[in-house]
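Got the model open and wondering how to read its insides and its surface? Let's talk it through.

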Amino acid sequence: MESGQLRKLNLCYAGIQSLYWAGFAAIWGFLSVLLLYRGFSNSQIGTVSALALLMPLAVQPVLASLADRDRRFTSRRLAMALTGLLLLCAVGLWCSAGSMAVTAALYVLVGISLTATAPFHSAMAMELQQHGVALNYGLSRGLGSACYAASVLVLGVVVERYAPTAVLPVFTGEMLLLLLLTWRFRASPTAAAAAGSGPVLSVGQLLRRYPAYTWLLVGCALLMACHSATCTYMIHIVGKVGGSESMMGSALAVAAFLELPAMGLFSWVRRKVPLAWLLIFCAAFFVIRAGLFWAARSVPVLYLAAALDFFEYGIFIPATVYYVAEHIDPANQVKGQSLMGMATTGVGSAFGNFVSGQLLDRTGVNGMLLFCTICAAVGLLVVIYAVRRK
């Protein structure tokens, strides 16, 4: 591929990741703040979040199988369809201020679409890399985290000064731009062709063929249950050290900004360290980070825990994407990426948010953070077992 075309492709993909994660920050990073403002309890927020993140279990395998079996339904086209649905939901949320039921239903649809879209973005990049296109996934994904950070930092101040509903027009605009950029993301026909070898497997067949991958899905789900809960309920974590919405935005921004250098350096780190050891290393920092949040009694400790995102989430996400690319056969790549997305952003996050919402109402923030720490510790043990299997 010519250097000019490759540069445009990298810029376009970086824009896709940036807009997606900026939108994710706006609508999901302020989930608790917005729904509390509209009259929801913590338990109701946990229920809405769990439904939004679990329901893709019925949708994602169907879409992934479609992408693997029929090349008319490419990862790019499915990502465009889901982004269009997000745009419609954004407009609906903006106009549904008076109805808790409509707000809950639309948030569930948003969660389904967000969860289902990210694996297709990853598959878009891995398909090109496997056909010799030097697309820089790590740097683009890191820029997405930086945009997430900038978004929560700015919106934290905006929400504190005005109202939580200010995130809705921002999210609407971001989804519109994301749809346009995804439409423009096109490689040459030769590079984009998916010449996958081998049979296309069902989900059950895929999990039976790759038992180590199946165990890794379980471990990653447990780790993300911890991570997602601490992000979703960050407003309560900063509250126990006397913080406010702007401090919540700052803590999330510190974490997300540090993901940029971590993901940007990932290609270099991957050449030096085997993926198995990287996954174990990241899993250990999930435990350390959750433990620090649990123990935090001051602002500096809170920010230290947030900064550990560099070693935790920042390396973990590209490591899982490349693990799938290297260990799952080309004919089942989309399904492999989708299952990893479902295990982390879907099942794991839903489980963590639901249980943590219940614990917040019953035991308070410290009980919730103790659960997160235990969950991450179990996830670490499962990841070690998974990557050590042959």
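What follows is a short chat about cavities, burial and a surface patch in this predicted model.

Q: Let's start inside. How many cavities of 30 Å³ or more does the count come to?
A: A cavity is a space where a 1.4 Å probe fits but cannot get out. Here the count comes to three cavities of 30 Å³ or more. The largest cavity has a volume of about 320 Å³.

Q: Which residues should I click on to find the centre of the largest cavity?
A: Try Phe 24, Tyr 148, His 227, Cys 231 and Tyr 313, which are the closest to the centre among the 22 residues that line the largest cavity.

Q: And which elements give two or more residues to that lining?
A: Those are α1 (3-27), α7 (137-161), α11 (211-232), α13 (245-264) and α18 (333-363). Of these, α11 gives the most to the lining of the largest cavity, namely five residues.

Q: What is the chemical make-up of the lining of the largest cavity?
A: Sort the lining residues by side-chain class: you get 11 nonpolar, eight polar and three charged.

Q: What about the second largest cavity: how much space lies in it?
A: About 250 Å³. Its lining has 19 residues, and Ala 118, Ser 122, Ile 317, Val 321 and Thr 345 lie nearest the centre. Two or more lining residues come from each of α1, α6 (100-129), α7, α17 (313-327) and α18. For this second largest cavity, α18 gives the most, with five residues. By class, the lining of the second largest cavity holds 10 nonpolar, eight polar and one charged.

Q: Now single residues. Is Val 133 buried or exposed?
A: Look at the relative accessible area, where buried means under 20%. Val 133 has 5% relative accessibility, so Val 133 counts as buried. You'll find Val 133 in the loop between α6 and α7.

Q: How far apart are Val 133 and Ala 229 in sequence and in space?
A: In sequence, Val 133 and Ala 229 are 96 residues apart; in space, C-alpha to C-alpha, the two are 36 Å apart.

Q: Last stop, the outside. Which residues make the nonpolar surface patch?
A: For a patch, you look for residues with over 30% relative accessible area. Trp 294, Leu 370, Ile 374 and Val 378 make a nonpolar patch of about 330 Å². Helix α19 (residues 365-388) supplies the largest share of the nonpolar patch, three residues.

Q: Why does Ile 374 count as partly exposed?
A: Exposed means over 50% and buried under 20%, with partly exposed in between. Ile 374, found in helix α19, has a relative accessible area of 49%, so Ile 374 is partly exposed.

Note on methods. Residues are numbered from 1 along each chain as its sequence is written. This is a predicted model: local features need pLDDT of at least 70, side-chain atom pairs count only at pLDDT 80 or more; totals for chains, interfaces and linings use all residues. Side-chain values use heavy atoms; hydrogens and water are left out. Patches are made of residues with over 30% relative accessible area and no salt bridge: like charges are joined within 9 Å, nonpolar side chains (Val, Leu, Ile, Met, Phe, Trp, Tyr) within 5 Å. Accessible areas come from the Shrake-Rupley method with a 1.4 Å probe; for residues, only the protein chains shown count as cover. A salt bridge is a side-chain nitrogen of Lys or Arg within 4 Å of a carboxyl oxygen of Asp or Glu. Helices (H or I, at least four residues) and strands (E, at least two) are DSSP runs, numbered from the N terminus. Buried means under 20% relative accessible area, exposed over 50%, partly exposed in between (1.4 Å probe, protein chains only). On a 1 Å grid over the protein atoms alone, a cavity is a set of points where a 1.4 Å probe fits but cannot get out, and a pocket is an open set with protein on both sides within 12 Å along at least five of seven lines; lining residues have an atom within 4 Å of a point. Grid points are joined across faces, edges and corners, and a volume is the space filled by probe spheres set on the points. Ala, Val, Leu, Ile, Met, Phe, Trp, Tyr, Cys and Pro count as nonpolar, Asp, Glu, Lys and Arg as charged, and the others, Gly among them, as polar.
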